[in-house]
Amino acid sequence: MTLTAVDTDENGKARKWKVENSWGATWGQQGCLIMTDRWFREFMFRLVVDKKYVPEQILKAAETKPIMVMPEDPLFLPDE
């Protein structure tokens, strides 16, 4: 899938995303679909972005050594 457009509110906050799917033009609206920002934030798990669009603090964080998290870590506890 490729993000092709974003609809923002008056404050620049994303409301909807236009996505082109690889299934071809017969699917969706000529191969595209619209995702709400809520759906996008909940279900999007991987995104590839050209580094020129990434803030410097995120680029620096990507250079840090990963920390192994074990299954018993509180990160994996159910939400309360």
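Arg41 sits out in the open: at 59% relative accessibility, this residue counts as exposed. Keep in mind that this comes from a predicted model. Arg41 has a partner in Asp37, and the two form a salt bridge whose closest N and O atoms are 2.6 Å apart. Both residues belong to helix α1, where four residues, or about one turn of the helix, separate them. The partners are a bit of an odd couple, though. Asp37 has a relative accessible area of just 7%, so it counts as buried because that value is under the 20% cut-off, while Arg41 is over the 50% needed to be called exposed.

That pair is one part of a set of three salt bridges in the structure. Salt bridges with shared partners also tie Asp7, Arg15 and Lys16 into one network. Asp7 is the residue to look for here. It pairs with Arg15, with 2.8 Å between the closest N and O atoms, and Lys16 bridges to Asp7 as well, at 3.5 Å between the closest N and O atoms. How exposed are these residues? Asp7 is partly exposed, with a relative accessible area of 24%. Arg15 is partly exposed too, at 44%, and so is Lys16, at 38%.

Now turn to the inside. In soluble globular proteins, nonpolar side chains tend to be buried together. Here, the largest nonpolar core has six residues: Ala14, Trp17, Val19, Leu33, Met35 and Phe40. Strands β2 (14-20) and β3 (32-36) each provide at least two of them, and β2 gives the most, with three residues.

Trp17 is a good core residue to pick out and follow. Setting aside neighbours within four places in sequence, Trp17 is in contact with Leu3, Ala5, Val6, Leu33, Ile34, Met35, Thr36, Asp37 and Phe40. Notice some familiar names in that list: Leu33, Met35 and Phe40 are fellow members of the core, and Asp37 is the buried end of the salt bridge we began with.

Phe40 leads us on to one last feature, the largest pocket. Which residues lie nearest the centre of this pocket? They are Met1, Phe40, Met44, Arg46 and Leu47, out of 13 lining residues. The pocket holds about 280 Å³ of space. Its lining is made up of eleven nonpolar residues, one polar and one charged. Strand β1 (2-8) and helix α1 (37-43) each supply at least two lining residues, with the largest share, three residues, coming from α1. And that brings us back to the helix that holds Arg41 and Asp37.

Notes
Residues numbered from 1 in each chain as written. Predicted model: local features only at pLDDT ≥ 70, side-chain atom pairs only at ≥ 80, totals over all residues. Heavy atoms only, no water. 1 Å grid on protein atoms, 1.4 Å probe; cavity = no way out; pocket = protein on both sides within 12 Å on 5 of 7 lines; lining within 4 Å. Points joined across faces, edges and corners; volume = space filled by probe spheres on them. Nonpolar A, V, L, I, M, F, W, Y, C, P; charged D, E, K, R; others polar. Core = buried A, V, L, I, M, F, W, Y, C linked by side-chain atoms within 4.5 Å. Buried < 20%, exposed > 50% of the residue type's maximum accessible area, 1.4 Å probe, protein only. Contact = heavy atoms within 4.5 Å. Salt bridge = Lys/Arg side-chain N within 4 Å of Asp/Glu carboxyl O.
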